Number of protein chains: 2
Amino acid sequence: MLKLTRKVEYALIALRHMQNKEPDAISSTKEISEMYDIPLELLAKTLQLMARGGIVNAVQGPTGGYKIKAKLENINMIEFFEKIEGPLGLMDCYFDSDCTLISACNIRSPIKKINDNMRSMFENMTVGEITQ
Amino acid sequence: MLKLTRKVEYALIALRHMQNKEPDAISSTKEISEMYDIPLELLAKTLQLMARGGIVNAVQGPTGGYKIKAKLENINMIEFFEKIEGPLGLMDCYFDSDCTLISACNIRSPIKKINDNMRSMFENMTVGEITQ
DNA sequence: TGTTAATCCGATCAAATTGGTCGTATAAAT
DNA sequence: ATTTATACGACCAATTTGATCGGATTAACA
């Protein structure tokens, strides 16, 4: 429980890798995958998600790859997680529609407390802090 | 990702239920399971784990059940999670033995940062706060 | 302009984790 | 003794996650 997924891990590794290069240098999926021994296809998918989320720019064709687009200090971890993994498990109760019993719902507020605490923690943590 | 498990949820529901009774009142698994519509067997397992962990007392036989034993304000959430779920996912890197590549290991420190932050947050959160 | 090397993207399979069930043993109140 | 509850290990089912595959698209470069 409370584990980060590989995709999140790979995304952070990739960002950190790109951060250590010149601002406009391009890193290919293959290059990153080989250097850190990450399955190429899964890393590719992760980078695509980040490209779609506006975190990196994709450059197609040979000599293509990715480079950082967004200011990483402006992206908090909740946004980051959601771009990569979609809606978070820790938000489940908010959308739980089969929560019909009022008593059961009230009693579930401990879980809400935990989720709220986690949420505010990740909202105050930026991708920039984590990768630097 | 980052989801709490059902067992943790059921444990908190049960504790909260017992907290709303007189200090020495006994709650049976069946009573709790029916009131909150929780699978009896799974709830039983969870209560057994809490009994083994010294959080509640088990009273056997007919008219038996459980009552709170420990001071809930003295148990932090890390301890609580570990009693119920065993070693946490968020500690994985510490024990990761196949982490041979130094470069890969260094690059993984972002995950360590996140884990450390989560850890200290849960260390400073007690079961008492959450269930009350 | 055709070849090549990269990203893109959906579908799908495999593995791990979690949720839930079953059967039986054991303990204690009546 | 009988009944009713917890105790506990083994097991199956469902969900989530990790990884793979096949093919389409894009663009550099000879």
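What follows is a walk through the protein surface around one DNA strand and then through a helix contact in chain A. The model is a predicted one, and every distance and angle quoted here is computed from it.

Around DNA strand D there are 25 residues, of which R6(A), Q60(A), M1(B), T29(B) and Y66(B) come nearest. On the side of the DNA, sugar and phosphate make up 70% of the atoms of strand D that come within 4 Å of the protein. Several polar contacts involve the phosphates: a polar backbone atom of R6(A) is 2.6 Å from a phosphate oxygen of strand D, and a polar backbone atom of T29(B) is likewise 2.6 Å from a phosphate oxygen of that strand. With Y10(A), by contrast, an N or O atom of the side chain takes part, at 3.0 Å from a phosphate oxygen.

Turning to the elements behind this surface, α1 (6-19) and α3 (40-52) of chain A, together with α3 (40-52), β1 (56-59) and β2 (65-68) of chain B, each supply at least two of its residues, and the largest share, 4 residues, comes from α3(B). By character, the residues of the surface near strand D divide into 9 nonpolar, 9 polar and 7 charged.

Within chain A, the axes of helix α4 (residues 77-85) and helix α7 (residues 109-123) come within 6 Å and cross at roughly 100°, which means that α4(A) is roughly perpendicular to α7(A). The contact is formed by M77(A), I78(A), F81(A) and E82(A) on α4(A) and by R119(A), F122(A) and E123(A) on α7(A); the residues of this contact comprise 4 nonpolar and 3 charged, with no polar ones.

Definitions and conventions:
Residues numbered from 1 in each chain as written. Chains lettered and ligands numbered in written order. Predicted model: local features only at pLDDT ≥ 70, side-chain atom pairs only at ≥ 80, totals over all residues. Heavy atoms only, no water. Near = heavy atom within 4 Å. Polar contact = N/O pair within 3.5 Å; in protein donor to acceptor, adjacent residues only side chain to side chain. Nonpolar A, V, L, I, M, F, W, Y, C, P; charged D, E, K, R; others polar. Axes fitted to C-alpha atoms, helices over the stretch in contact; angles between N-to-C directions. Parallel < 35°, antiparallel > 145°, perpendicular 65-115°, else oblique. Contact = heavy atoms within 4.5 Å.
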